[in-house]
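Colleague: Please pick a single part of this model and go through it closely, one step at a time. I would like the reasoning spelled out where there is any.

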Amino acid sequence: NTIWINELKINPDSVDVSKVEVNGKALTVVKLDFKVTHEDYHDVTVELYKNDFLVKVPSERLEFHAEIQHYSTSVTNLYEENAVGDFSLTLIEK
């Protein structure tokens, strides 16, 4: 599965698409677990700091605007050469 977050292409290890109800409205939630390498760290974090995304999940035929609901990473310093971090990201529809 390929996921697009704005122009950032992510090939996640796992994807979970669900719906939640917020104030009577069904919103799409996408949870991703993916690896980020030293080489990709800057591009990924710059995109995530925007916290304003057009999310595309081609395999589910989904496209929606979202923001971060939850974000975590296994490492704090991916500036070290050959470092790889495990990222967990949950996006919720705006």
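**The helix and its surroundings**

Modeller: Helix α1 is followed by asparagine 51, whose phi is positive, near 50 degrees. This is a predicted model, and the part to examine is α1 together with what packs on it.

Start with the helix itself. α1 spans residues 41-50, and its buried residues are Tyr41, Val44, Thr45, Glu47 and Leu48. The arc that they cover around the axis is only 160 degrees, so they lie on the same side of α1. The face turned away from that buried side carries the exposed residues Tyr49 and Lys50.

What lies over the buried side? The cover of the buried residues of α1 includes β1 (3-5), β2 (8-10), β4, β5 (53-57), β6 and β7. The elements among these that need a closer look are β7, its two partner strands, and the loop between β1 and β2.

Take β7 and its partners. β4 and β7 run antiparallel and are joined by nine bridges; in one of these pairings, threonine 37 has valine 84 of β7 as its bridge partner. β6 also pairs with β7 in the antiparallel sense, over seven bridges, and here alanine 66 has glutamate 93 of β7 as its bridge partner. β7 is mostly covered, since eight of its ten residues are buried.

One residue of β7 links several of these parts. Phenylalanine 87 is buried, because its relative accessible area is 2% and the limit for buried is under 20%. Leaving out residues up to four places away in sequence, phenylalanine 87 touches a list of residues that includes Tyr41, Val44 and Leu48, and these three are among the buried residues of α1. The contacts of phenylalanine 87 also include Leu32, Asp33, Phe34 and Val36, as well as Tyr71, Ser72, Thr73 and Leu78.

Two of those contacts are with other aromatic rings. A pair of aromatic rings is described by the distance of the centres and the angle of the planes. The structure holds two aromatic pairs. In the pair of phenylalanine 34 and phenylalanine 87, the centres are 5.6 Å apart and the planes stand at 40 degrees, so this pair is tilted. Phenylalanine 34 belongs to strand β4 (residues 25-37) and phenylalanine 87 to strand β7 (residues 84-93), so the pair ties together parts that are 53 residues apart in sequence. Both of these phenylalanines are buried.

The other pair is tyrosine 71 with phenylalanine 87, and this pair is edge-to-face, with 5.7 Å centre to centre and 65 degrees between the planes. Tyrosine 71 sits in strand β6 (residues 62-73) and phenylalanine 87 in strand β7, so here the parts tied together are 16 residues apart in sequence. Unlike the two phenylalanines, which are buried, tyrosine 71 counts as partly exposed, because its relative accessibility is 35%. Phe34, Tyr71 and Phe87 form one aromatic cluster.

The cluster also leads to the nonpolar core. The largest such core has 21 residues, and Ile5, Phe34, Val55 and Phe87 are those with the most contacts inside it. β1, β2, β4, α1, β5, β6 and β7 each supply at least two residues of this core. β4 gives the most, with four residues.

Now follow the chain to the loop between β1 and β2, where asparagine 6 is placed. Asparagine 6 counts as buried, because its relative accessibility is 19%. Its side chain reaches the backbone oxygen of aspartate 52 at 3.2 Å, and the same side chain reaches the backbone nitrogen of leucine 54 at 2.7 Å. Leaving aside neighbours within four places in sequence, asparagine 6 is in contact with Glu47, Lys50, Asp52, Phe53 and Leu54. Glu47 is one of the buried residues of α1, and Lys50 is on the face turned away from them.

A second loop residue touches the helix as well. Tyrosine 79 is placed in the loop between β6 and β7, and counts as exposed because its relative accessibility is 56%. Apart from neighbours within four places in sequence, tyrosine 79 is in contact with His38 and Tyr41. The C-alpha atoms of tyrosine 79 and asparagine 6 are separated by 23 Å, and the two residues are 73 residues apart along the chain.

How values were computed:
Residues numbered from 1 in each chain as written. Predicted model: local features only at pLDDT ≥ 70, side-chain atom pairs only at ≥ 80, totals over all residues. Heavy atoms only, no water. Phe/Tyr/Trp six-rings, centres within 6.5 Å; stacked < 30°, edge-to-face > 60°. Buried < 20%, exposed > 50% of the residue type's maximum accessible area, 1.4 Å probe, protein only. Pairing = 2+ DSSP bridges. Contact = heavy atoms within 4.5 Å. Arc of directions from axis to C-beta. Polar contact = N/O pair within 3.5 Å; in protein donor to acceptor, adjacent residues only side chain to side chain. Core = buried A, V, L, I, M, F, W, Y, C linked by side-chain atoms within 4.5 Å.
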